[in-house]
Amino acid sequence: MPNVMALLVAAGRGSRMGDATGGSAKQYAALDHLSVLTHALEALLEADEVTGVQVVIHPDDDALYKSSIEALGPAKDRIAPPVTGGETRQASTHNGLHAIASLQPDLVLIHDAARPFLPGDVIRRVIAGCVSNDGAIPGLPSIDTVKQVDRHGVVVKTLPRDTLLRVQTPQAFHFAALLDAHEAVAHTTPEQQAIFTDDASIMEAAGHRVIVVEGDERLRKITTPEDLMWARQQVAAGLPEAESATS
């Protein structure tokens, strides 16, 4: 079995949440009595395939982070000390990769802390897909018609929906290849880094083969107040499977 480390990226500010989180970053918003971050960590720690977890946090969030992991009990011993993020998501992930380099993992899972409900079967699918490829990411079919428009909002063309997927996390990669790909863009400007909206795009730019495996609707990312309301409704109703971060 490969040595698999999980990297949980939790350094963002969540500007689209407005006042819905009471002033804190969305990953620390409460879902019942646990934070969004705690739910995501719990799901990763419940996966037998995951050796340990490294979290990347914002430097202002140390107290909130400590409170979130205290709720995990003894399981928190499998979490490495947190590292601080950078100016961009790419920089934050790069910091996290360097933090676990000494552990020499075979594979690494990169997961958004704002996706609290993580079924174990998705973890198993991305790991299995990554073993024989450079990377594997979860995705779901696009259910809406997608239009390409110019900068004035005029439709240029309608894109073929059967070739479009909504991509999620966790994304699995061979650790050494992902670190090298990040090193290649680490010293570019924040504006240049902004074109890489996920780690798969960084691997693709480096010429690596990344495949898509079946995702899960429960992996919805909390981005807006409506997303947070949905997540709280899921917890209140009882999550569909115990593997998806239970309290």
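Which residue stands opposite A172 in β11? I started my notebook with that, and I found A136 opposite A172. The model I am reading is predicted.

**Entry 1: the pairing around β11**

I looked up the strand of A136's neighbourhood next. Strand β7 covers residues 135-141, and β7 pairs with β11 in the antiparallel sense. Two bridges hold that pairing in my list. Strand β11 itself runs over residues 171-174.

I then checked β11 against β6. Four bridges join β6 to β11, and these strands run antiparallel. I noted the partners residue by residue. L109 has A172 as its bridge partner in β11. I110 has Q171 as its bridge partner in β11.

**Entry 2: β6 and β1**

I followed β6 to β1. The two strands run parallel, with six bridges between them. A6 has L109 of β6 as its bridge partner. I had already met L109 as the partner of A172 in β11.

Is β6 buried or exposed? I counted along residues 107-112, and six of the six are buried. Strand β6 is therefore largely enclosed by the rest of the structure. I also sorted the residues by the way they point. L107, L109 and H111 point one way from β6. V108, I110 and D112 point the other way. All of them are buried.

**Entry 3: A10**

I picked A10, which is found in strand β1. Its relative accessibility is 1%, and the cut-off for buried is under 20%, so A10 counts as buried. I listed its contacts, leaving aside neighbours within four places in sequence. Among them are Q27, Y28 and L37. V55, V56, I57 and H58 are also in contact with A10, and so is A113.

I then took one distance from A10. K26 is 16 residues away along the chain, and the C-alpha atoms of A10 and K26 are separated by 9.3 Å.

**Entry 4: Q54**

I moved to Q54 in strand β4, residues 52-57. The relative accessible area of Q54 is 2%, so Q54 is buried. Which residues does Q54 contact, leaving aside its neighbours within four places in sequence? I wrote down M5, A6, L7 and L8. I added A80, P81, P82 and V83 to the contacts of Q54. G96, A99 and I100 complete the contacts of Q54.

**Entry 5: L34**

L34 lies in strand β3, residues 34-35. I found L34 buried, with a relative accessible area of 6%. I took a C-alpha distance here too. L34 and A80 are 46 residues apart along the chain, and their C-alpha atoms are separated by 20 Å.

**Entry 6: backbone notes**

I looked for odd backbone angles. The peptide bond from T169 to P170 is cis, with omega near 15°. P170 is found in the loop between β10 and β11.

D32 has a positive phi of about 65°, although D32 is not a glycine. D32 sits in the loop between β2 and β3. I checked its surface, and D32 is exposed at 53% relative accessible area.

Q104 has a positive phi of about 50°, and Q104 is not a glycine either. Q104 lies in the loop between α3 and β6. Its relative accessible area is 65%, so Q104 is exposed.

**Entry 7: the largest pocket**

How much space lies in the largest pocket? I read about 790 Å³. The lining holds 32 residues. G12, K26, R89, D112 and K221 lie nearest the centre of the pocket. Two elements give two or more residues to the lining, β1 and α3. Helix α3 gives the most, with three residues.

I sorted the lining by class. Eight residues are nonpolar, 15 are polar and nine are charged. Two names came back from earlier entries. D112 belongs to β6, and K26 was the far end of my A10 distance.

**Entry 8: the whole chain**

I stepped back last. The protein chain has eight helices and 12 strands. Its radius of gyration is 18 Å, close to the 18 Å that the globule rule gives for 247 residues, so the chain is as compact as a globular protein of that length. The C-alpha trace spans about 50 × 40 × 35 Å along its principal axes.

I also checked burial for the chain. Buried residues make up 48% of the 247 residues. Then I looked at contacts between residues at least 6 apart in sequence. Of these, 77% join residues at least 24 apart.

Technical notes
Residues numbered from 1 in each chain as written. Predicted model: local features only at pLDDT ≥ 70, side-chain atom pairs only at ≥ 80, totals over all residues. Heavy atoms only, no water. 1 Å grid on protein atoms, 1.4 Å probe; cavity = no way out; pocket = protein on both sides within 12 Å on 5 of 7 lines; lining within 4 Å. Points joined across faces, edges and corners; volume = space filled by probe spheres on them. Nonpolar A, V, L, I, M, F, W, Y, C, P; charged D, E, K, R; others polar. Buried < 20%, exposed > 50% of the residue type's maximum accessible area, 1.4 Å probe, protein only. Contact = heavy atoms within 4.5 Å. Pairing = 2+ DSSP bridges. Rg over C-alpha atoms; globule rule 2.2 N^0.38 Å.
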